[in-house]
Amino acid sequence: MPRAFPEPACAAADLARGLAPGFAERAQEHDASGSFPAEDFRELRGCGLLGLMVPEELGGLGASFADYAAVAGEMAAGSGSTALIFNMHASITGALAAAGHDLLADLGAADGFGAERDRLLAGAAAGSLYAVAMSERGAGSRLSHTRTSFARTADGYRITGAKAFVSGAGHADAYLVTAREDAGAEPAVSYFLVPHGPGVRVEPTWDSLGMRATGSHDVHFDVRVPASALLGGVEGVVLPLAQMMPQWLVASYAAVYAGVARAAVQAASTHLAERGLHELPAVRARVGRAEAAVAAAEAVVREAARRVSAEPGAPGTNRWVWRAKLVAGDTAAEVSSSLLEAAGAGAGRRGHPLERIFRDARCGALQPATSDVCADWLGVAVLDGDPDAEARW
Ligand SMILES: Cc1cc2nc3c(=O)[nH]c(=O)nc-3n(C[C@H](O)[C@H](O)[C@H](O)COP(=O)(O)OP(=O)(O)OC[C@H]3O[C@@H](n4cnc5c(N)ncnc54)[C@H](O)[C@@H]3O)c2cc1C
């Protein structure tokens with residue numbers, strides 16, 4: 001299997017690269033049955049990768065965003081679904097790890113939150129898996145339209161509502177839930193970390209075109225949580241954080257879909273060689289174009305990731321973040337479509353790796369920020385406007 005991100009590699013990316021062939025072997029079965037890739041996560045837990053973004057002093061690997069991108073690309077070259085579930089977990093742990101003292105102070109975080117944050121991060125390093133429960137039917141990813149609500153109780157909060165598209169639903173130890181105050185007039189949306197347990201019900205609804213093994217089912221919440229479940233101990237941080245850390249809502253998916261695009265090249269090449277089609281000039285040209293497009297997407301993702309690690313939140317960095325999501329999502333869809341045509345109808349049969357990868361790749365442009373939203377953001381920036389002045393979420 002070719003390395004998804006040839007450079008810069010890191011030890012964690014080497015670990016992920018070692019696991020990817022096993023992910024690929026099991027991916028067909030999980031895609032067909034829509035089942036959670038439990039063995040993949042057993043292995044990820046076993047080699048400490050659930051602690052990828054957790055600082056070393058809390059037992060994790062202390063990875064940078066650039067390291068994450070390399071790891072996600074390697075994983076996705078084996079299984080897009082596994083990489084996408086992992087992306088959700090990495091987004092939560094990565095954002096928590098990046099929420100240093102200054103940022104917490106800017107957001108008005110409660111005094112005790114640092115300790116709670118460390119407890120959550122240490123939990124991930126010890127093997128806890130976190131899932132993202134933000135999207136809702138009817139609202140999609142428009143976080144400002146969130147209808148899930150919270151009300152204060154004597155010792156914490158009661159959260160009620162229904163979430164959709166929750167990758168890893170039923171297999172996560174806790175969910176990052178977005179909710180707004182029941183009686184609140186303002187669209188101030190807050191983050192809660194809700195443990196899986198009583199009051200959390202998974203409705204198995206996920207039967208989708210691609211990324212079928214993510215098990216992104218609906219999850220219903222009617223749950224009471226202690227006050228410490230409110231992340232940061234401060235309400236209304238969701239929309240400001242979306243603008244301050246676009247890497248976790250926008251660019252982290254890009255690494256996954258660049259890896260899926262790389263997997264398409266690999267699956268097509270294997271098929272073409274087996275069928276003896278690799279000697280046809282038209283076929284070779286499609287492979288050549290695909291390879292160049294994937295390498296270009298990887299380079300954009302790598303540059304965005306490098307800048308996020310070096311200068312997070314800077315205007316120049318953010319522009320690369322939106323570019324990366326657009327380029328990776330579109331490249332995955334275009335390359336897998338072209339290569340399926342080169343490989344022929346035989347590769348379109350259920351059970352053929354390229355057929356699965358083609359469907360997985362189609363999800364890249366659809367996941368928020370969608371390609372259209374990314375393109376609009378970039379267009380406004382190029383035309384000297386302020387792309388963040390408009391409500392994106
Ligand atoms: C494989 C997969 C896994 C997922 N996993 C998770 C998960 O773990 N947790 C989670 O919370 N969600 C998850 N999602 C859901 C995802 O984050 C989105 O919320 C969801 O895809 C939105 O779908 P929608 O049909 O409502 O479309 P929307 O995102 O609402 O898009 C519909 C249309 O509106 C356009 N549009 C959307 N927003 C804007 C805007 N701001 N400005 C202009 N146009 C806009 C889009 O371009 C598109 O044309 C997942 C989705 C997929 C496909």
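**His-89, the domain 1–domain 2 interface and the cysteines**

In this predicted model, His-89 lies in helix H4, which spans residues 80–98. The relative accessibility of His-89 is 0%, and the residue therefore counts as buried. A polar contact links the side chain of His-89 to the backbone nitrogen of Tyr-130, at 3.0 Å. When neighbours within four places in sequence are left aside, Tyr-130 is also among the contacts of His-89, together with Leu-50, Ala-124, Ser-128 and Leu-129.

The surroundings of His-89 may be placed within the domain arrangement of the chain. The domain assignment divides the protein chain into domain 1 (residues 11–125), domain 2 (residues 130–234) and domain 3 (residues 245–382). By these bounds, His-89 belongs to domain 1 and Tyr-130 to domain 2. The centres of domain 1 and domain 2, taken over C-alpha atoms, are separated by 20 Å. To the contact between the two, domain 1 contributes 26 residues and domain 2 contributes 18 residues.

The size of an interface is often expressed as the accessible area lost when the parts come together. Between domain 1 and domain 2, the buried area amounts to about 1900 Å². Carbon and sulfur atoms account for 68% of this area. Four residue pairs are in polar contact between domain 1 and domain 2, with both residues of each pair at pLDDT 80 or more. On the side of domain 1 that touches domain 2, at least two residues each are supplied by helix H1 (11–33), by H4 and by helix H6 (113–125). The largest share of that side comes from H4, with nine residues; H4 is also the helix that holds His-89. As for charged pairs, zero salt bridges are found across the interface of domain 1 and domain 2.

The cysteines were examined separately. A disulfide is a covalent bond between the sulfur atoms of two cysteines. A search of the whole structure returns zero disulfides. For Cys-47, the closest cysteine sulfur is that of Cys-10, at a distance of 12 Å, which is too far for a bond. Cys-47 is partly exposed, because its relative accessible area is 25%. For Cys-363, the closest cysteine sulfur belongs to Cys-374 and lies 15 Å away, so this distance is likewise too far for a bond. With a relative accessible area of 10%, Cys-363 is buried.

Terms used:
Residues numbered from 1 in each chain as written. Predicted model: local features only at pLDDT ≥ 70, side-chain atom pairs only at ≥ 80, totals over all residues. Heavy atoms only, no water. Helix = DSSP H or I, 4+ residues; strand = E, 2+ residues; numbered from the N terminus. Buried < 20%, exposed > 50% of the residue type's maximum accessible area, 1.4 Å probe, protein only. Polar contact = N/O pair within 3.5 Å; in protein donor to acceptor, adjacent residues only side chain to side chain. Contact = heavy atoms within 4.5 Å. Disulfide = S-S within 2.5 Å. Domains from an automatic or database assignment. Buried area = accessible area lost by both parts, 1.4 Å probe. Salt bridge = Lys/Arg side-chain N within 4 Å of Asp/Glu carboxyl O.
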